[in-house]
Structures are given as C-alpha cells and as structure tokens.
Amino acid sequence: MGLFYYLLHGEGAERTMQTKLKSLIETTVTGLGYELWGYEYRPQQESALLRIFIDSANGISVDDCGIVSNQIGAALDVEDLIPVAYILEVSSPGLDRVLFTPEQFARYQGEQLKVRTRLPVEKRRNFVGQLQAVNADHIVMLVEGNTYNIPFDVIDRARLVFNMKSQRKGGATK
C-alpha cells in the first residue's frame, strides 16, 4: 500500500504523470470489461516495471492478459507517460493476491497475510499472520501471538497467503 499511497500522493510532475497513468490503466481495463484489481509502478533510473492485475467473475485467462497488455501498451506508446524503457506485465491477482485497497483488505479479514513495510513497525518490516481488523488508516495483524497496528502508508506490499477458505471469498481465477 505504500507504493499505492505514493502513486496517489507524489509531488509535481511525477504526481501528474502518475495520475494520468492511473487514469489510463483504469479506463482501459474497465473499458475492456475487466476489473482492475490493482497495479504497481516501480520506476528506476533507466527502466521501469508496470505490473497490472486484472480480474473478472469468470476468471482470467492468458488471452485476457494479452488483450489488456496490447491495449495498455498501445495507449502508453501514444501517451508516452513513462519516460524510460519499461516492462509491462498483466496478470490475474492469483491465489496469493496482492492487496491494494482498504476494501480488499476488509474482504480478507480473518485470513493469513504476508506484509512487508517500507519503514519498521515496532522494529519489524516483515509480518506473516492473521488479519484481525481493517480501519480507515491501518490494519491490525496477529503475528506469533502479538498484535501489530500497521499503517497503510508504510505498507510496501501485502499478499494473501493462499488457502481454500480465502479462495472462496476472493472470486475465481483460471
């Protein structure tokens, strides 16, 4: 969520680029009839990675990913939003899906998560445990008998630890 937070709260020209990128991705994915589960944009000095996760009630196939990849790639070429060479990946969220929004976290309350933070929370940056609660600004996790309040703005990545119970809540994937 930290990266997602940064995408929404960056500064100046970078923020404008990220706002346009977010809009292009959302418009393209939903226009093709898919749900945008989330995306990650990881810029570096001479390259970047844009990873987009799509979903649908019928699951996601390799062909679905190809359709979205072709459309997004063409739109990015026209808009020229990413100023360096980039890798574009499009996939389903998968069984061990990355969580991006508070609503997605709430959907998996009671499930096992693996969370990595950008900054330490009580001297830790990696957490694997049960998601106890979701509030407006943080999640509550039970890890090895200890409870941790982890603010959304320090979460770098949160991923569901797959089990059959969480799969029933999360929708279908192919």
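Visitor: In this predicted model, what is the relative accessible area of Glu 89?
Guide: The model is predicted, and the value is computed from it. Buried residues lie under 20% and exposed ones over 50%, with partly exposed in between. Glu 89 counts as partly exposed, because its relative accessible area is 33%.

Visitor: Which residue forms a salt bridge with Glu 89, with the closest N and O atoms 2.8 Å apart?
Guide: A salt bridge needs a side-chain nitrogen of Lys or Arg within 4 Å of a carboxyl oxygen of Asp or Glu, and here the closest N and O atoms are 2.8 Å apart. Glu 89 lies in strand 3 (residues 85–91) and its partner in strand 2 (residues 47–55), so the pair ties together parts that are 38 residues apart in sequence. The partner is buried, with a relative accessible area of 18%. The residue that forms this salt bridge with Glu 89 is Arg 51.

Visitor: Where does Arg 97 lie, given that it ties together with Asp 55 parts of the chain that are 42 residues apart?
Guide: The side chains of Arg 97 and Asp 55 meet in a salt bridge, at 3.3 Å from N to O. Arg 97 is buried at a relative accessible area of 1%, and Asp 55 also counts as buried, at 3%. Asp 55 belongs to strand 2, whereas Arg 97 lies in the loop between strand 3 and helix 4 (102–107).

Visitor: Which residue, in the loop between strand 6 and strand 7, is linked to Arg 124?
Guide: Arg 124 forms a salt bridge whose closest N and O atoms are 3.7 Å apart. Arg 124 stands in strand 5 (residues 124–134), and its partner sits 20 residues apart from it, in the loop between strand 6 (138–143) and strand 7 (146–151). Arg 124 is partly exposed at 21%, whereas the partner is exposed, with a relative accessible area of 69%. That partner is Glu 144.

Visitor: How many salt bridges does the count come to?
Guide: Some of the charged residues are linked in a network, among them Glu 40, Arg 42, Arg 116, Asp 156 and Arg 157. Arg 51 and Glu 89 belong to this network too. By the 4 Å rule, the count of salt bridges comes to ten.

Visitor: Which residue of strand 2 does Tyr 41 stand opposite?
Guide: Strand 1 (residues 35–43) and strand 2 pair in the antiparallel sense over eight bridges, and a hairpin of three residues joins them. Within strand 2, the residue opposite Tyr 41 is Leu 50.

Terms used
Residues numbered from 1 in each chain as written. Predicted model: local features only at pLDDT ≥ 70, side-chain atom pairs only at ≥ 80, totals over all residues. Heavy atoms only, no water. Helix = DSSP H or I, 4+ residues; strand = E, 2+ residues; numbered from the N terminus. Buried < 20%, exposed > 50% of the residue type's maximum accessible area, 1.4 Å probe, protein only. Pairing = 2+ DSSP bridges.
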